[in-house]
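Q: I'm new to this one and would like to start small. Could you take one part and walk me through it slowly, then show me what lies around it?

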Amino acid sequence: MSMETVVSLKPVVAVLVSLAVIPGIISSRTQNIRETWTLVAAGIKLLIIISMLPVILDGKVVSFTLFQVFPDIGISFRVDAFGMLFALVASSLWLVTSVYSIGYMRSLDEHSQTRYFSFFAAAISATIGVAFSANLLTLYIFYEILSLATFPLVTHHQDKEARSSGRKYLTYILGGSIGFALPAMLITYHFTGTLDFAPHGVMAGHINSGLALMLSMMFLFGFAKVGIMPMHSWLPAAMVAPTPVSALLHAVAVVKVGAFSVVRVFTGIVGTSVLADFNISAIVCVIASFTIIVASLIALSQDELKRRLAFSTIGQLSYIVLGVALLSKSGMTGGMLHIAMHAFGKITLFFCAGAIFCATGVKYISQMKGIGRRMPITMTAFFVGSLSVVGFPPCGGFISKWYLVLGTIESGSLALLFVLLGSSFLNAAYFFPVFYNAFFCSKDQMLFEDKVEEAPLWCVVPLVITASISVLLFFYPQPFLKLASLAVSIIMGG
Amino acid sequence: MIFFDRASNLLSDLPAIVVTVPLLAALIASGAGWINRKAPFIIAIASLFVSFISSILLLLQVTSTGVVIEYRMAGWAAPIGIVYIIDHLTALVLVLISSVSLINLIASKRRIDDQFRNKEGAFYSLYVLFTAGLIGMTTTGDAFNLYVLLEIASLSGYALIGLGSNRAPLATLNYLFLGTIGATFYLLGVGYLYIATGSLNMADIASIIPKMMNSSMILFAFIICLTGLLVKLAIFPVHGWLPGAYSESATVAASLVAPLTTKVTIYIMIRLCLSVFTPQYTFQHLETTDVMVWLSVITIVFGAISALSQKDYKKMLSYIIIAEVGYMVGGFFLGNKMGISGAILHIVNDAAMTLALFMVAGIFLWKTGEDSRESLKGMFGKMPFTMAGFTLAGLSVVGVPPTCGFFSKWYLILGGISAGQYGFVAALIFSSLVNAVLFFRIFEIAHFEPFKEQHPHNDHCDEQHQAKSHNEIIKEAPLDMLIPFIAVSLLLVLLGLYSGAIVNNIIHFVIPKGII
C-alpha cells in the first residue's frame, strides 16, 4: 500500500524548535524572559504539529531526511497517523506543563531553574523526534537523547536520594537500551537489510521463529521506558523528581516513548504476521497481563501518592502493549488511543499531587484526610483524572478501555478480558480511598487548618484544563480516534 | 605564469612538504630556543599548520581524482628509491595526525610555557619531531624507511613522556624496553622479508608475495612483524607499558601521544596486512581471523575491567585506550567490509575522543591543581561549558548516538555479526556498558557533590574568585584552552553525523577488492 509522501521541513522544525531556544533560555536576564522562551517554543511546536494534522488525516505522510549517516540508513523523519497521535499528545501537554512548571518551581523556590527549563526543552525535542522517526535508528537516537536529557531533571534535587534514584534510572534505561535494544536492532539489520518502519514489518521471510521471539523480547525489555516487569523499578525511583517532571515525563513523555517504541517496533519492524505466526503475541500478552495485575496490586499498598501513581502508570502502560499484542483491530485501536487518554488522565493526577505538595507540603495519602475541603478544585480534578484512568464514563479513559475490551472479545481470549476487568477494579480500589478520605471525614479527623488553601493559579489552571480535556475526550474522541483507526487500517490492512 | 608553475610544483611536492617541514622545524626549534624564548612555539605552530594544510590538500586531491599519489623522494624510482604513497587512507590519517597535533598545541601552550620554563626549545622540538615521525610512518611506501620513522616517533615519544611526574622516568623506561622490543621485532621481520623477496618497497613485496604464499620465511616475517606491532599497540598481554606511560607523563605530552601512537600503529598494521602481505595472504591463506579476534576480545574485556578498578582519571583513560585498541584490531581482523570500515572509522573517532578526554584532564589540572576524580566535585555548576564538552566526549566513548563513537561501533558490531564472531559483539556491548558506568561515576561526582571548599588554587586563578562564594559562580578555563576543547567536542558530534560521508568518500576506497 503506497501512501502519498509530502517532503517538508516541518517535522524537523517541530523537533528542533525547543532545542533552538535553549541558548535563549540560558542567556535570559530575568525569569520572565526565560519562561517566555519556553512558552513560545511550546506554542510554535504545537502549531507546527497541528498544521500537519490535515495532511495526515488525508492519508498522506510527511517526510524529511536530515543526515545520511549510513549508506542506506539516514536520520530521517516520517510523520504518519500513529506518530502524529503521539506528537499531538506530547506537544499539547508540554504547553500545559510549561505553565504548571512555572507555578510549581517558583512557588517552591527551587534551585537551578535555568538548567531545569533547558533540559526540559531538550527532553521534549527528543520525544517529538521519537514520534516522527522514519526508521529504527532515528528512533533509537532520540530515545537515547531523551534518556540523557531527563537525567538532570530526575536528579534535580542533587541529594543522596536523587543520586541513588538517578543511578537506578540510568541502569535500567541505558542498560536496557545498550544491552538489549541496540544489539537487537543490529541483528535485525543484519538479517533484513533495512531498519525502515514498514506497514507490515520487515522480519517476515528473513528471520526464523526462535530468533524473532528473541528479538521481540530484547526490544520489549530493552525499551525499558515502557516499564514491563521486571524492568519497571526505575519508574517509582524516578518519582524523586520535581512533580512537573514526573507529570510530563513519567506519565506522558518518557514512559509513552517506551510504549510508542514498543508498538512501533512490533508493528513496523517485527510485523503483525510474524507476531501471530510464531505465537510471540501470546507470550507478550502473558507478560503484559502479569505486569498489569501485579503493578495494580503493588499500587494498593503505596502510601506515598506519587509512588501510587507511578505503579498505576506501570500497569496502564502494559495496556498499550497488550492492545497491540491482541492483534485485533479494536485492540490495537484501543492500545494506541490509550496513549492519549491515559496521558490526559494521569497528568491531571500528577498535577494534583504537585499542587497538594505546593500548598501543604504533604506527600502521603494517609496525611491527606480532609484535604478536599480545603482544596476542592484540585481534588475534584483528581476525581475526574482517576475516573479517566479507571475507565469510567464520562471520561476519555472509558473509550480506550472500551476498544481494548472489544479487542479481547474479537481475539476470543476470555482470560484477557478478565485481566482488563480485574485491573479496572483494582484501579478503582487504589484511587477511591484517596478522594474518599479527601472529602468525607469528620471534623476531628480533619488534618488541615482553615488557612490552607488552593495552590497558586499557575498550578491550578493547568490541572483544570487537563481534567476538562479528559472529560471532553469522552464526547469528542476525535481526532485521536481518527488517527488511531487510520494507523490501524494501515497496519492491519483494509 | 611563473607563479602558477611554482604553485603547481608546490602542489606536486606536497607529500614531501607534509613530512619535511615539521622534521626541519624540529631541528630549528631546539636551537631557536637559545636565541628567543618565544621562537620555538612560533616555529612549531607554523610548521604544524603547514603540515595540516598540506594534509587537507592531499585529502582533497585524492578524493577528487581518486588516483593514488606516488611521490619519489629525490626522484629515485622504486623499488630502489624511497617512494611516498598517498592513498585515501593515508590522506585521512595524515589529516588526523596533523590536526590533533595542531589543536593540542594551541590548547596546551599556556601549560607548556608554565611547566617547561627554559626548556621550551626542547619540548617544542620533541613535540614537532614526534608528529613528523608519525606523518612519515603514515606516508612512506618503504618497509625499512617505516622502521626509521617509527624509531624517530618512538624516541621523541619516550622523551616527551619522560618529562612528567617523579615516576615518569621509570614508566618511560618500561615503555622504552617494550617499545624497543616491538620495534626490533618489526625490523627483524622486515629483514626476513628482504631475504625472501629481495625488496623493501611495499608495493614490490606485495607483487611478489602471491607467488610465495607457502614460504615459511614469509610466514615467519608476517608473524614477527605483527607481533612487534602488537607490542606497540599495547594489546593484552603486552599492554604493560601503556598505563604508566600515559598517566605518569605530563598531561600536555600525554594528550599528544595517547590519541596518536596506538592509532597510527593500527594504521601501520592495516597497511602491512593489506598493502604488504596482501589481503589474500592475511585473511584467506592464514585465516588469522579467529586468533586475532579472540585476542581482541580478551583485550577489550581486560581493558574494561581494569578501567573499572582505577581511581586515577588518566589511568582509567589508559585502560579505556587498551580496550579501544581491541575494538580496532578485532574489527580489522574480522576481515569483512563492515569490520574493516569500522576499524578505520574508529581510528579517526577514537583519536578525537581520546584527544578530548586528555584535553579535559589538562583543563581540570590547570583549574584545580589536582588530578583525582574527587577534584571534579561541583564542576557542572562551575565550568558548564567544559563539562558539556566532557559529557559529549564521555558519551562518545560509551557509544551514545549521535556522537561518533556510536557510528564506528555500529560498523564493528555489524561486522562481528556477519563474521559470526558473537564473542566480539558481546565484548563490544560489555565494554560500552562498562564505559557508561565509568563516565557516569565521574558525572555523578561532578553533578551531585558540592564544589569542594578548599581547592589548592594555582596562582593563575585570581584572588577575587576565592573571595566570592564557591557554588554558583561560573569560572571557566581561559579561552585559549576552552575554545579548542569545545571545537573538538563538537567535532565528535559532526564526525558522527557525517560518518556516512567519510565512509562513502574515503573508507569505501580503502577496502580491497574481494572483501565483502
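In β3(A), which residue is the bridge partner of A:V62?

A: The partner is A:V79, which sits in β3(A). Before going on, some ground rules. This is a predicted model, where local features need pLDDT of at least 70 and side-chain atom pairs count only at pLDDT 80 or more, while totals for chains, interfaces and linings use all residues. Residues are numbered from 1 along each chain as its sequence is written, and chains are lettered from A and ligands numbered from 1 in the order in which they are written. Helices (H or I, at least four residues) and strands (E, at least two) are DSSP runs, numbered from the N terminus.

Now the sheet around that bridge. Chain A has an open sheet of three strands, ordered β1-β2-β3, with mixed pairing. Strands count as paired if DSSP finds at least two bridges between them. In general, sheet strands pair through backbone hydrogen bonds, in either the parallel or the antiparallel sense. Here, β1 (residues 5–7) of chain A and β2 (residues 61–67) of chain A run parallel, with three bridges between them. One of the partnerships is A:T5 with A:V61 of β2(A). On the other side, β2(A) is joined to β3 (residues 75–79) of chain A by five bridges, and these two strands run antiparallel. Besides the A:V62 bridge to A:V79, you can find A:F64 standing opposite A:F77 in β3(A).

What about the rims of the sheet? β1 and β3 of chain A are the edge strands with a single partner each, so each has one side without a neighbour in the sheet. From one strand to the next, the twist averages 25°.

A little further along the chain comes a pair of helices. The axes of α4 (residues 81–107) of chain A and α14 (residues 329–360) of chain A come within 10 Å and cross at roughly 5°. Axes here are lines fitted to C-alpha atoms, for helices over the stretch in contact, and angles run from 0 to 180 degrees between N-to-C directions. That makes α4(A) and α14(A) roughly parallel (angles under 35 degrees get that label, over 145 is roughly antiparallel, 65 to 115 roughly perpendicular and the rest oblique). The residues touching include A:F82, A:L85 and A:Y104 from α4(A), and A:M336, A:I347 and A:C358 from α14(A); contact means C-beta atoms, placed from the backbone, within 7 Å. Sorted by class, the contact of α4(A) with α14(A) has 14 nonpolar, two polar and no charged residues. For that sorting, Ala, Val, Leu, Ile, Met, Phe, Trp, Tyr, Cys and Pro are nonpolar, Asp, Glu, Lys and Arg are charged, and the others, Gly among them, are polar.

Two residues of α4(A) also meet a proline from much later in the sequence. Leaving aside its neighbours within four places in sequence, A:P456 touches A:G103 and A:S107. A:P456 belongs to the loop between α18 (414–439) and α19 (457–475) of chain A. It has 15 C-beta neighbours inside 10 Å, so A:P456 counts as partly exposed. The scale works like this: 20 or more other C-beta atoms within 10 Å of a residue's own is buried, 12 or fewer is exposed, and in between is partly exposed, with C-beta atoms placed from the backbone.

On the approach to α14(A) there's an oddity. A:L327, in the loop between α13 (305–325) and α14 of chain A, has a phi near 60°, which is positive although this residue isn't glycine. With 24 C-beta neighbours inside 10 Å, A:L327 counts as buried. Another one to look for is the cis peptide bond between A:Q478 and A:P479, with omega about 0°. A:P479 lies in the loop between α19 and α20 (480–492) of chain A. As background, most residues other than glycine have a negative phi, and most peptide bonds are trans.

Finally, look across to the other chain. The contact between the chains takes 22 residues from chain A and 21 residues from chain B. On the chain A side, the elements giving two or more residues are α6 (136–154) and α7 (160–192). The largest share, eleven residues, comes from α7(A). That side of chain A divides into 14 nonpolar, six polar and two charged residues.
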